[in-house]
Amino acid sequence: MITGASGGIGSACARLFAAEGARVLVHYNRGEERARTLADELGGAPVAHADLTVEADVDRLIDEARSALGQIDVCVEVQGVWPRDDVPVWELSLERWEETVRQNLTATFLVARAFLREVENTGHGSLVFVGSTAGVFGEAGHADYAAAKSAITGGLLLSLKNEIVRIAPLGRVNAVAPGWTESPMTRGLVDEDRVRAVSRTMALRKVAQPDDVAAQVVVLASDTLSGHVTGQLVVVAGGMEGRTVHPDQEHA
C-alpha cells in the first residue's frame with residue numbers, strides 16, 4: 001500500500017513495486033485523475049481515496065486495502081505537504097503551524113497506527129516513511145515542515161522500530177529523506193539557476209528524480225535486501241551536508 005501515490009515520488013514507488021511483482025494499492029486524497037491513470041498504467045491496480053488527517057478515513061483505507069490485496073505486507077507513507085511561502089518563525093501563524101503538523105506528522109501517525117494494527121494480526125510487515133532533508137538539516141522559512149519531518153524520521157521512526165517487534169519479530173520500520181527532488185510539490189522550483197544555488201551544499205550538483213528516491217524505498221521495504229535493517233534513515237540527497245561544499249554557484 002502506498003499513500004500519496006498520485007504524486008511524483010509516490011507514483012515512482014508504485015511503478016517500481018509493481019515492476020518487482022508486488023500488488024499495489026494506489027491511495028490519493030487530491031489528484032484522483034492522476035491516481036486512476038497510474039492505476040491503469042499498472043494494469044488495473046486498486047485505487048482508494050482517503051483524507052489521511054481523518055481517523056475514520058485512514059481506518060477505512062486499511063480495510064479497503066486488505067479487501068483489495070488480501071493482506072498488507074508493506075506500507076509506504078509518501079504523503080506530505082510543503083508550504084511554499086517562506087515565513088520565519090516570528091511571523092508564522094499558529095494556523096499554518098498546526099495545519100502543517102497535521103498534514104505531515106499527524107497523518108503519518110494515523111497511517112502507521114492503522115498499519116501496525118494490521119501487522120498485529122498478520123505477524124509481519126515493513127513500514128517505510130518518506131521524510132525530508134528539512135528534518136535533518138532544518139529549513140529556514142519552513143520551521144513547521146522541518147519540525148514535522150524531523151519528528152517522523154527521528155522520534156517516531158526510532159520508537160516504532162522497537163514497538164513493531166512486539167507484534168512481529170521480524171517487522172521493520174525505516175525511512176528515506178529526499179533532498180530536492182523533481183515532483184509536483186517542487187514544480188517550477190528546480191530550474192537551472194535554482195539547481196546551481198541549492199546544490200552548493202551537495203557533492204552531486206543535481207536534484208533527484210522520483211525514481212532515485214523510490215529505488216531506496218523498495219530496497220528498504222524488501223525483506224530480502226534489507227531483512228536486517230531497521231530504524232534507519234537513508235538520505236537521498238546527492239551527498240548533501242549542513243555546510244557549503246562548493247564555494248561558488250558554478251559547476252566544478
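Me: A polar contact is a pair of N or O atoms within 3.5 Å; within protein, one must be able to donate a hydrogen and the other to accept it, and residues adjacent in sequence count only if both atoms are side-chain atoms. What makes the link between T100 and N104 fit?

Reply: The backbone oxygen of T100 lies 2.8 Å from a polar atom of the side chain of N104, so the pair is within the 3.5 Å limit. Bear in mind that this is a predicted model, where local features need pLDDT of at least 70 and side-chain atom pairs 80 or more, while totals for chains, interfaces and linings use all residues. Residues are numbered from 1 along each chain as its sequence is written, and side-chain values use heavy atoms, with hydrogens and water left out.

Me: Why is N104 called buried, and A19 exposed?

Reply: Buried means under 20% relative accessible area, exposed over 50%, and partly exposed in between (1.4 Å probe, protein chains only). N104 has 0%, so it is buried; A19 has 63%, so it is exposed. N104 sits in helix α4 (residues 94-122), while A19 is in helix α1. Helices (H or I, at least four residues) and strands (E, at least two) are DSSP runs, numbered from the N terminus.

Me: What does N104 touch beyond its neighbours within four places in sequence?

Reply: N104 is in contact (heavy atoms within 4.5 Å) with G80, V81, Y145, A148, K149 and I152.

Me: How do you know that the length of α8 agrees with its number of residues?

Reply: The expected span is 1.5 Å times one less than the number of residues. For the 12 residues of α8 (residues 210-221) that gives 16 Å, and the end C-alpha atoms are 16 Å apart, so the two agree.

Me: What makes the buried residues of α8 line one face?

Reply: They are P210, V213, A214, V217, V218, L220 and A221. Seen down the axis, they fall within an arc of 165° (taken from the directions from the helix axis to the C-beta atoms), so they line one face. Among the elements they pack against are β4 (74-77) and β5 (126-130).

Me: How do you know that β4 and β5 pair?

Reply: Pairing takes at least two DSSP bridges. β4 and β5 have 4 and run parallel, so they pair. One partnership is E77 with F129.

Me: Why is the unit of β4, α4 and β5 called right-handed?

Reply: The word applies if, with the strands pointing away from the viewer, the path from the first strand over the helix to the second runs clockwise. β4, α4 and β5 make such a right-handed β-α-β unit.
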